Amino acid sequence: MNEKISIILPIFNVGDHLKGGIDSLINQTIGQENLEIIMVNDCSTDGSDKIIDEYDEKYECCHAIHHTQNSGAAYTPRNTGIDACTGDYIMFLDPDDRYTPDAVETLYHAAKQNNAQVAFGRFRRIFEYGGKVQKSYSPYKDNLEKHYPDETLETENFIKVPDFLWDNVVEKILYGKTIKAKYPRDKALDTIQVDNIEEEPDLLKMHPSVWCKIFRRDLIIDNDIRFQPYVSGDDMAFTLETLLKAKGIVFLNNFLCYDYYIRDLPSDKSITNTVNVRLLNELMESYIYCRKCTENYSKDIQNISINPHLLHWTYTWKNSPFTKQENQQLLNTVNKLKKIHQTDLKTKWLLSSITTAIETKIYTTK
């Protein structure tokens with residue numbers, strides 16, 4: 001193998017989880033000689049900086065980079081890693097998570113053999129303290145049903161209809177009707193391979209994670225794709241841009257390549273698990289950015305890439321306490337999306353329902 005895979009880790013106060021994340025890369029079946037591990041420290045204060053320096057000294061494939069000023073979110077160290085890396089392919093790892101042992105090798109070969117600019121698999125959502133393990137959502141049937149239950153997608157039933165009707169009718173409509181596509185939905189599939197995203201828009205319904213994907217370097221560099229400055233939603237924007245512009249996409253429906261840990265103790269939460277007005281406001285700003293990216297694509301692409309995330313956003317907002325001023329700020333941002341995202345009646349209804357809910361909260365909050 002004459003090619004290298006660069007794996008970028010944004011690091012800030014990862015604590016006891018950091019070594020496990022890096023070790024999951026060191027022990028990949030593809031071999032250290034084929035890896036370039038870029039560890040970008042965003043001014044950690046818990047000793048994470050010393051840990052990555054130790055790996056830098058011990059392993060030739062490991063390279064530590066230290067920021068002189070904290071950026072406050074993952075997008076800056078990720079972009080630093082892109083600018084610094086030299087690999088033919090690029091991957092990302094959140095350092096408190098883990099790659100499965102053959103993740104890099106399997107995704108690399110999937111991309112290489114299909115001449116694809118993006119290849120990706122599924123992930124396991126592990127609730128570390130709750131004892132649950134779920135497979136990530138896929139719109140395709142798989143052969144994993146006996147091993148893991150489906151991911152639970154938390155969305156807010158914000159109209160007064162029975163939960164059964166919401167779950168089985170309304171939510172399915174908002175997620176996008178079953179569209180005519182290249183691959184069937186009535187039998188288990190192992191591999192989905194397309195030349196471009198318009199052939200299978202449903203690929204956009206899945207979690208917009210950057211860390212279960214491998215990207216060919218030319219896709220990112222030639223299109224000047226970088227993470228946008230959002231504390232939450234930067235990965236969504238990055239993933240969408242790559243999938244829109246990719247020439248060749250491969251999805252491995254039965255391959256679990258990543259362990260995504262939900263650390264749900266109050267003393268062990270990441271930035272993006274701490275809900276505040278900045279997080280939700282920037283998440284909505286990322287939706288606006290994504291909608292602008294899809295302007296010249298089909299209505300299916302425009303709807304599928306945004307509408308399911310609006311349901312998640314609404315669920316998070318409804319279950320978080322905000323002041324009248326904070327809700328007004330969020331309403332202003334939602335209205336910015338509402339002006340440009342009016343593809344059909346169901347989309348208009350969805351956004352109108354969200355703005356009405358926020359307006360009601362503003363008027364009833366003292």
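This is a short tour of a predicted model, with a selection to make at each stop.

**Stop 1: strand S10**

Start by selecting residues 249-262, which form strand S10. Is this strand mostly covered or mostly open? Colour by accessibility and you will find that 14 of its 14 residues are buried.

Now bring in the strands that pair with S10. Show residues 118-127, strand S6: this strand runs parallel to S10, and nine bridges join the two. To find your bearings, look for Val 118, which stands opposite Ile 249 of S10. Next, add residues 191-194, strand S8, which is antiparallel to S10 and joined to it by four bridges. Here Ile 192 has Phe 251 as its bridge partner in S10. Finally, add strand S5, residues 98-99, an antiparallel partner of S10 with two bridges. Zoom in on Tyr 99 and you will see Tyr 258 of S10 opposite.

While the strands are on screen, turn on their side chains. In a regular strand, side chains alternate between the two faces of the sheet.

**Stop 2: salt bridges**

The whole structure holds 17 salt bridges. Stay with S10 for one of them: select Arg 124 and Asp 259, whose closest N and O atoms are 2.6 Å apart. Arg 124 belongs to strand S6 and Asp 259 to strand S10, so this pair ties together parts that lie 135 residues apart in sequence. Asp 259 is buried, at 9% relative accessible area.

Then select Arg 78 and Asp 234, a salt bridge with 3.1 Å between the closest N and O atoms. The two residues are 156 apart along the chain, Arg 78 in helix H3 (residues 75-84) and Asp 234 in helix H7 (residues 234-245). Are these partners buried or exposed? Arg 78 counts as buried because its relative accessibility is 3%, under the 20% cut-off. Asp 234 is buried too, at 5%.

Follow helix H7 along to Glu 241 and Lys 245, which sit four residues apart, about one turn of the helix. Their side chains form a salt bridge at 3.6 Å, N to O. Glu 241 is buried, with 8% relative accessible area, whereas Lys 245 is partly exposed at 35%.

For a linked group, select Arg 185, Glu 200, Asp 202 and Lys 205: salt bridges connect them in a network.

**Stop 3: a charged patch**

End on the surface, with Asp 53, Glu 54, Asp 56 and Glu 57 selected. Together they make a patch of negative charge. Glu 54 lies in helix H2, residues 48-58, and is partly exposed, with a relative accessible area of 49%.

Notes: Residues numbered from 1 in each chain as written. Predicted model: local features only at pLDDT ≥ 70, side-chain atom pairs only at ≥ 80, totals over all residues. Heavy atoms only, no water. Buried < 20%, exposed > 50% of the residue type's maximum accessible area, 1.4 Å probe, protein only. Pairing = 2+ DSSP bridges. Patch = residues over 30% accessible without salt bridge, like charges linked within 9 Å, V, L, I, M, F, W, Y side chains within 5 Å. Areas by Shrake-Rupley, 256 points an atom, 1.4 Å probe, with all protein chains shown as cover. Salt bridge = Lys/Arg side-chain N within 4 Å of Asp/Glu carboxyl O. Lys, Arg positive; Asp, Glu negative; His and termini not counted. Charge placed at Lys NZ, Arg CZ, Asp CG, Glu CD.
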